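Please open the model in your viewer and keep the selection tool at hand. The stops below move through helix packing and then on to aromatic side chains.

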Amino acid sequence: SGTRVIADGLSEELICSLSRIQGLRVIAHESTRRLGALPASGQAPQLGITHLLEGNLQQSGQKLRVRLRMAEAGSGRLLWTREFDRDASETLSLQRDIADVVAASLTLNLGLPAPSQPGGDADYQRRFLEARLLAMRFDLPAPASIDLAETRLRALAAERPGDARTRAWLALALRLRGLRRPQLQPLLAEDAVREARRALQLDSARYEPYLVLAADDCRHQRWEPCMARLDRALALAPGLSYVHYDRAAALASLGYLEQAETHARESLLRDPLNPVARHQLARVLDARGKHAEAAPFLQDAAPGTLQARWFNAVWRNDQPAALRLAQAQATAGPADPETARLGPSIVAVTRARAAPAAWPQARAELQRYERDNPGQPNFAGLFAPDAEARADALAAQLVSARKRGQSGIDLLLWAKGFKHLRRTPAFARYLRDSGLLDYWHKHGFPPQCRPHGSGADCH
C-alpha cells in the first residue's frame with residue numbers, strides 16, 4: 001500500500017539520521033526489516049542490540065501520524081511512547097524531531113543539521129519512495145526493477161526539478177542501472193554524474209551524489225577524490241550498508257585488503273542480517289586466502305552470488321559443491337544471462353579439475369565462450385592447467401574488464417591464490433598506468449607489495 005511504502009522509506013531515512021548521532025550505532029534497514037517487530041526480538045541481544053525502536057504510521061489525506069515506542073532489547077521493558085502528527089510535506093523535519101527524542105532519551109548529542117527543504121506532498125512522496133525501492137530490488141530482473149525505477153525517477157524529476165532527493169536518487173539509479181546493463185554503462189555514467197552534480201547544487205548534505213561521483217572517480221582511477229567523496233558519504237550516512245560496501249570495494253581496488261576486511265566487518269556489525277554485507281565480507285576473506293572462514297558467510301548470501309560461492313568451493317577443494325554451483329550457473333536463465341553464458345565452461349572446468357582427462361573439452365568450452373563473447377574474460381580459465389603460462393594474457397584481460405567496471409575484478413586481481421598474475425608485465429603496467437603506485441607512495445603500500453625500482457613487487 002501507499003502508506004506501507006511511505007513507512008518503509010521513512011524508516012530507512014530515519015535510520016540514516018539516527019546513525020549520525022555521535023555515540024549511537026544503528027542497525028541498518030535491511031537487518032531491521034529481517035529482525036522484525038519488538039515481540040520477536042529474541043535475536044537482538046545476540047546482534048549487540050541494546051534498544052529497540054518500533055513505529056507505526058497512519059495516513060489520512062495529507063496528514064501523517066507516527067506512533068513510536070522504545071524498549072530495552074534484553075528485558076523488553078518499555079521506556080517511552082511518543083506520537084507525532086505532521087503534514088506529508090514535513091517528513092524531513094519529522095525525522096529530526098524523532099531523532100531528537102531518541103538522542104535525548106539515550107542522553108546523546110544530536111548534532112544533526114537542520115532539514116534544508118520540505119519533503120513533498122503525500123502522493124509525490126509515495127511515488128518517489130516506490131521508485132527508490134524498485135531501484136534497490138536486486139532480486140528482480142532489470143526491466144522490472146532498475147529500468148522502471150529510472151523511468152519513474154526521471155518523470156518525478158521533470159515534475160519537480162528542484163527536489164534534491166529525487167535528483168540524488170535518479171543519479172544513484174543511473175549508476176546502478178549501468179552496473180546491471182554493462183553495454184549502456186558509459187552513457188548512463190555520464191547521466192549519473194550530471195544528475196549528481198545537480199543534486200549537490202540543490203542540497204550538499206545528500207549522501208547519494210557523493211557515492212555516484214566517487215564511483216566515477218574510482219572507475220577512472222582518480223583515487224584521491226574517490227576516497228574523499230566516499231569518506232564524505234560515510235560521514236553523512238554511516239548507517240547505510242551500501243555506503244560501507246562502496247568504501248570497502250574501493251579499498252580492495254587499491255589493494256588494501258586488510259582495511260577492506262575491517263571495513264566489511266564494520267558494515268556487517270551495522271547490518272548483520274543483510275546477505276549483501278555477508279557476501280562482500282566473504283569475497284574479501286576469499287581474496288585473503290581465508291576460504292574456510294568465508295564459507296559460512298556465503299551460505300545465505302544474496303541472489304546472484306553463484307560465482308562467489310563457486311570460487312569458494314573450488315578454493316576449498318569441495319568438488320561436489322563446486323559442481324553443483326557450476327550447474328546452477330549454467331541454468332541461471334534470463335534473470336542472469338551473463339552467468340548463464342559462462343555456465344557451460346564453468347561446468348566443464350569443474351569436471352576437468354576432478355578428472356584431468358576432460359581438460360581438452362574444458363579448453364574447447366573456454367575458447368567457445370571467448371569466441372562468442374569477445375573482450376569478456378572467462379574467470380574459469382584462471383583454474384586451467386596452463387593458467388600460469390598464460391598469466392600475462394589473463395592479467396591483461398582482468399585489467400581490461402576492471403576498467404569497464406565489471407564487479408569483482410579487483411578482488412580477483414588481488415586474490416592470494418592468483419599471485420602469478422601479479423608477477424606479469426601486464427600487472428606492472430596496470431600499477432603504473434592506474435595511478436596505484438602514486439597513491440601508494442603517498443598513503444603507504446599494501447602489505448603484499450613493496451617498492452621495487454620504479455614499480456612494485458607484489459606477491
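In this predicted model, begin by selecting helix α15 (residues 319–330) together with helix α16 (residues 337–354), whose crossing is left-handed. The axes of the two helices come within 7 Å and cross at roughly 155 degrees, and because an angle over 145 degrees counts as roughly antiparallel, α15 is described as roughly antiparallel to α16.

Now show the side chains at this contact. On the α15 side, select Gln319, Ala322, Leu323, Ala326, Gln327, Gln329 and Ala330; on the α16 side, the residues to select are Thr339, Ala340, Gly343, Pro344, Ile346, Val347, Thr350, Arg351 and Ala354. If you colour the contact of α15 with α16 by class, you will find nine nonpolar residues, six polar ones and one charged.

Next, move to helix α11 (residues 257–270) and helix α12 (residues 275–287), which pack at an angle of about 155 degrees with their axes 9 Å apart. The two helices are therefore roughly antiparallel to each other, and the crossing of α11 and α12 is left-handed. From α11, the residues making the contact are Leu257, Ala260, Glu261, Ala264, Arg265, Ser267 and Leu268, while α12 contributes Ala277, Arg278, Gln280, Leu281, Val284, Leu285 and Ala287. Coloured by class, the contact of α11 with α12 shows nine nonpolar, two polar and three charged residues.

For the last part of the tour, turn to the aromatic rings, of which the whole structure holds 13 pairs. Select Trp310 and Phe311, an edge-to-face pair with 5.2 Å from centre to centre and 70 degrees between the planes; Trp310 and Phe311 are both buried.

Then select Trp315 and Phe383, whose ring centres are 6.2 Å apart and whose planes stand at 70 degrees, so that this pair too is edge-to-face. Which distant parts of the chain does the pair link? Trp315 lies in helix α14 (residues 306–315), whereas Phe383 lies in the loop between α17 (359–372) and α18 (391–403), and the two residues are 68 residues apart. Trp315 counts as buried because its relative accessibility is 18%, and Phe383, at 11% relative accessibility, likewise counts as buried.

Finally, keep these four residues selected and add Phe418: Trp310, Phe311, Trp315, Phe383 and Phe418 form one aromatic cluster.

Definitions and conventions:
Residues are numbered from 1 along each chain as its sequence is written. This is a predicted model: local features need pLDDT of at least 70, side-chain atom pairs count only at pLDDT 80 or more; totals for chains, interfaces and linings use all residues. Side-chain values use heavy atoms; hydrogens and water are left out. Axes are lines fitted to C-alpha atoms, for helices over the stretch in contact, and angles run from 0 to 180 degrees between N-to-C directions. Helices (H or I, at least four residues) and strands (E, at least two) are DSSP runs, numbered from the N terminus. Angles under 35 degrees count as roughly parallel, over 145 as roughly antiparallel, 65 to 115 as roughly perpendicular and the rest as oblique. A crossing is left-handed if the near helix is turned anticlockwise from the far one by less than a right angle, and right-handed if clockwise. Contact means heavy atoms within 4.5 Å. Ala, Val, Leu, Ile, Met, Phe, Trp, Tyr, Cys and Pro count as nonpolar, Asp, Glu, Lys and Arg as charged, and the others, Gly among them, as polar. Rings of Phe, Tyr and Trp (its six-membered ring) pair if their centres lie within 6.5 Å; planes under 30 degrees apart count as stacked, over 60 as edge-to-face and the rest as tilted. Buried means under 20% relative accessible area, exposed over 50%, partly exposed in between (1.4 Å probe, protein chains only).
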